[in-house]
Structures are given as structure tokens and as C-alpha cells.
Amino acid sequence: MLVYIDPQTDTDYTAFYIKGLYDRFGKANVSFSGQYFTGLKPNRTLKFILDDNGVVHKYVIDWGDDPSVAEADYAWCDYYGKINFNTKHTQPAYHPKIISLAPGFGIKLWSHSGSAYYGLSNLFKARKDVSNVKKFLSNYYKQAKQLPLNAYKPLKTSTNYIYSLNTLWNSDEWINNDATVNRYRANFMKACKSIPDLQFEGGFVYSQIKNTNPEFQTLVIDADWIPKSTYINKISASVLVFNTPAWALCHGWKLGEYLALGKAIISTPLSNELPSPLEHGKHIHIVSGEEDAIREAITLLIRNPDYRADLERNAYDYFCEYVSPIQSIKLLTQTEQINLVVGSSYTLK
């Protein structure tokens, strides 16, 4: 089995899934090639093909925040992996090819020298379609600043320390983040600060578009970029973490990271689909976004170490079964699926 990846892909967002291809099919069998993706535009997807002795299957992994579908990519592929699939908001005409995938997160796949090699090589392969060379190469640089996947593993936590660092997203008439992700995260921080003997560290940091809503300014901290290793170490030490649908109500990177770290997760209800539901009381603890409900959940988890341990163990088990790079690729490319779907392949000429 040979795998060919579209060289136009944004590697900062898709390294997670490229690693899945390496792990499932062997790195020596995976390469980048522009030959098979003619006419397809660079966008928020990873496009690849599997060549099984001349029989080709075409795949897309759409990591976009909203539940829409890239029409040209959907028409091109046999299977469309969608991170933020929503049965109500993704148009029904696109449902047949869609396979719901869990959110990944940024990982380091190549060293700085390896990133330079792949960046320049793929720039040459995709040169006709790259309009911004600096941005294209910066994706490889950002990928190299992430942590490798093996840095994400369950560790012993504190019993009274919580860390939460969050982007304060801009909010407008189209995406009202102030009423959802920003407010829920603010309520979590306020709840943490109100609990005696609980040590809280963190706050909001501004996005590129500064949000000046006075409701959140007291929670903004003066923090520049911190090393990813520092961030993950603090999250690992945290007795619990808080999740909420993020930009445009998407599954954020935080959810994937929390599952990989085996954290006890308090979350507001999820908006989009997953390969299998995260069950309240088993994998995750669901609450409304109100401050009192969040405070009650924090207190419950801190005072019940056995319940907290169950959530941690089941969250990590879920990651291993449904989220990890290789499992995401298996969900999308499982052999039974390929064999049963009529007309899902063609022979290379």
C-alpha cells in the first residue's frame, strides 16, 4: 500500500493525521505528490490517496471549524473525514461520504531540519498553487515548535491546583463567541477563584483581533507566548480541566489534548458529532455554562477522587480507541469499508 499526500496541506494542523498515515502504513510508504490532486485548491483539508497495487482510494480529512463541506474536495474523494460534522447543520446531501472524526491537535512530526526539507520540497511540488510562500513555510516552522505525540500521556495530578489558559476570541454578529466560549471559560475561571483552598493559575490572552468587551478584561493576564512544554506540564498537573466548544462551536484542540493526557474533563455540552459519544459520568462530566453549575462540578470532582480517577482513565481509553493519529486513520480507511462500498475506487492509468 502506497500513500500519496497533497503537498498543499497546512502541516501545522495536519501533522497529527500525517503521523497516523506513517503509523498505519509505514513512513517509507508515505510521500507527498502533486500528481493526484490537480485542480484542487489549498484549503482546510488534508487530501491523500491510497494506491493498493494500482487501485486507488481517495480521502479527505476536513479540519475546518464549521460544519460546512469543501464541495470540490467532496466531489473528488471516496471518503470524507469531517472533524466538526453536525447532522443538523452539515447539508444532508453531503452526509453519504462523511465519516465523523475526533479533533486532533498540533504535534511535532519533523525536526527543524526535517521541516525545512519537507517545506521546501512541498513548496516546489505545489508551487503553482502557493500564493503566499512565507505563510506556506511558516506552517512547517510552527509544526516544529509543537511537542511530539509521546509528550502527551497521563501523569499524576495535583489535588488542589487548576491551570487554565485560554484565548479571548473576538466576537461579532456572525460568530458570537462572547455568549458562548468566552463566557463559559470566564465562568470557569470565576468559579475556580471562588473556591477556598483551590490554587488557580491562568486567564485569558488576546487573539490577533483584540476583544475589548469589559465583561472579560479582569480575567486577561499579561502573558506572552509560553513554551508548549510549560503549558502541557501545567495542564498535566491540574486536578481537572474545562472544555467548551470553541470558535464557531467547534471541537477545539484542547479537547483532543485533554483526552490524550487522560484528564478529568468538565465540559459544556458538545455541539458537533464524534466517532462515538463522550458519555457524561464515564468519559466526561457535562454541565451548563453557568458559574454555579461549574463550581458545583469542580467541588464534586475534587472531593471524589475515585470518580475523578474513573473520568481520567476513561478519557484516555477513549483517546486510544477513537482519537489517536493511527485510530483516526483506521476509522477513515478501514478495510471493511473499502470492500463494501461499490464504486469507491478506480484503477490508475
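Here is a walk through the two domains of this chain and the contact between them.

Keep in mind that this is a predicted model, so to speak of local features a pLDDT of at least 70 is needed, side-chain atom pairs count only at pLDDT 80 or more, and totals for chains, interfaces and linings use all residues. Residues are numbered from 1 along each chain as its sequence is written, and side-chain values use heavy atoms, with hydrogens and water left out.

Start with confidence: pLDDT is the predictor's confidence in each residue, from 0 to 100. The protein chain averages 93, and 96% of its residues reach 70 or more. Residues 338–349, though, have a pLDDT below 50, and beyond near neighbours in sequence that stretch has 24 contacts in the model (contact means heavy atoms within 4.5 Å).

Now the layout. The domain assignment (automatic or from a database) gives domain 1 as 2–101 + 109–145 and domain 2 as 151–326. Taken over C-alpha atoms, their centres sit 28 Å apart. Domain 1 puts 16 residues into the contact and domain 2 puts in 17.

How much area do domain 1 and domain 2 bury between them? About 1,300 Å², with 60% of it on carbon and sulfur atoms; buried area here is the accessible area (1.4 Å probe) that two parts lose on being put together, summed over both. On the domain 1 side, Phe16, Asp65 and Asn84 lose the most area to domain 2, together 33% of what that side buries.

What about charges? A salt bridge is a side-chain nitrogen of Lys or Arg within 4 Å of a carboxyl oxygen of Asp or Glu, and the count between the two domains is zero. Helix α1 (residues 11–25) gives the largest share of the domain 1 side, seven residues; helices are DSSP runs (H or I, at least four residues), numbered from the N terminus.

Overall the salt-bridge count comes to eleven. In one salt bridge, aspartate 23 meets lysine 19 at 3.3 Å, N to O. Being four residues apart in helix α1, these two are separated by about one helical turn.
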